[in-house]
Amino acid sequence: MADDPWNDMLSEFRALGGTADNICMREGANGRGIFPHRSGKTGLPARPRNPLDRCSRCAFRAWKIAHRLQRQDRASGAYVCRELYEYVSWVGGRREIELVFEHAQELPRGLRETLKAEVCLGDWFEVPTDKRVQQCFVDSRKVFYRSRVVLMPIVELLNHSPSGQHFELERGIAIKGVFDGEITARYSETDALGIFSSWGFACEQPQAFSFPLKSSRPDLTIQIGRDLTSLSQKKQFWAPKLSAAENGVTLEFLMLGNKRFPRTNKGIFYKLMREAGIKNYEESFDLIQNANLTRISNLFALVEKAEGVMAQTLRQVARYQLQALAYCMGVREV
């Protein structure tokens, strides 16, 4: 392996059509991350063209990545790029994922089983097989680009922040701006539960979405899903798709709290219910919110006295979700 794999990877990345200016990788408050070389300078962490490839082509052989992040021509240095990606991204990324599983396995088995059955927390409480670790690595780094799911070197090393930069998706996947500290990206507009289930860490998010649940009364059933894939970083408000169901309606998801726009939660729900011709819907929102508050409180109670890193992380997740759920007051027509 090269003496300076990071800079060698940048060189190969640029040779294959990518752009990576004024950046370095080092440890920070969020673990390893991407920082500007010179504070205050404009950085363009990655504007890739050729170094994009479908996640479906990613395979693991003897714990090594057999993924082609390059042109087809072997003379292009493509295999060097793959080996450098493996050394820089996979070795560290694999260990980060393994640590989440290890911390989860430290919880009592009964508690792990309860968390798997009752809370939307991803696969972290499953047995950490090689295949599951590898799949979590790919899932946590994939990017949706032009109707494809791709892996993206360099960009996937950026840590998440709810105030981080949005990805630009016009000519490759890019983030640019002026940075004095760590360069962060906004992975998703999901909530604290979604961040943990996808990436395995606790993060305070400004919004909260409902658990999957069913709210029923004699004349109306409202089925709430948790499909957040349609959330757009370009929109301030998120209205779920509504479809008719037996004796009621089904919602793709439902936002219940939003720190920036606390009056829009009920406003969106009320608008959807009116358009669907449903009457006396106000109490339904309150019942759905109460059910979510109860489930998050139950999560907190489950891990309140548990010990270890994972228990502490889950307490943070529960607290962040409760904080976001509290930002629901009044009604704003949308």
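**Note on the pockets and nonpolar cores of the predicted model**

1. The largest share of the lining of the second largest pocket comes from helix α2, which supplies 6 residues. The structure under review is a predicted model. This second largest pocket holds about 820 Å³ of space. Its lining is made up of 29 residues, and those closest to the centre are Asn30, Glu96, Asn159, Trp199 and Phe201.

2. Several elements contribute two or more residues to the lining of the second largest pocket: β2 (31-36), α2 (78-105), α4, β9 (159-165) and α8 (309-325). Sorted by class, this lining comprises 13 nonpolar, 11 polar and 5 charged residues.

3. The largest pocket has a volume of about 1500 Å³. Forty residues line this pocket, and Phe144, Tyr187, Ser188, Trp199 and Thr229 lie closest to its centre. Two or more lining residues come from each of α4 (130-141), β7 (142-145) and α5 (192-199).

4. Within the lining of the largest pocket, α5 is the element that gives the most, with 5 residues. The class composition of this lining is 15 nonpolar, 12 polar and 13 charged residues.

5. Trp199 merits a separate remark. This residue is listed among those closest to the centre of the largest pocket, and Trp199 is also listed among those closest to the centre of the second largest pocket. Helix α4 likewise appears in both linings, giving two or more residues to the largest pocket and two or more to the second largest.

6. The largest nonpolar core contains 58 residues, of which Phe125 and Phe269 touch the most other members. Helix α8 gives the most to this core, with 8 residues; α8 is also one of the elements that give two or more residues to the lining of the second largest pocket.

7. Beyond its neighbours up to four places away in sequence, Phe269 touches Ile222, Leu251, Leu254, Tyr281, Ser284, Phe285 and Ile288. A second core, separate from the largest, has 24 residues, including Ile34, Val150, Met152 and Phe179.

8. Is Asn292 buried or exposed? Asn292 counts as buried because its relative accessible area is 2%, and the cut-off for burial is under 20%. This asparagine belongs to helix α7, which spans residues 282-303. With neighbours within four places in sequence set aside, Asn292 is in contact with Phe209, Ser210, Phe211, Leu213, Leu256 and Leu325.

Key. Residues numbered from 1 in each chain as written. Predicted model: local features only at pLDDT ≥ 70, side-chain atom pairs only at ≥ 80, totals over all residues. Heavy atoms only, no water. 1 Å grid on protein atoms, 1.4 Å probe; cavity = no way out; pocket = protein on both sides within 12 Å on 5 of 7 lines; lining within 4 Å. Points joined across faces, edges and corners; volume = space filled by probe spheres on them. Helix = DSSP H or I, 4+ residues; strand = E, 2+ residues; numbered from the N terminus. Nonpolar A, V, L, I, M, F, W, Y, C, P; charged D, E, K, R; others polar. Buried < 20%, exposed > 50% of the residue type's maximum accessible area, 1.4 Å probe, protein only. Contact = heavy atoms within 4.5 Å. Core = buried A, V, L, I, M, F, W, Y, C linked by side-chain atoms within 4.5 Å.
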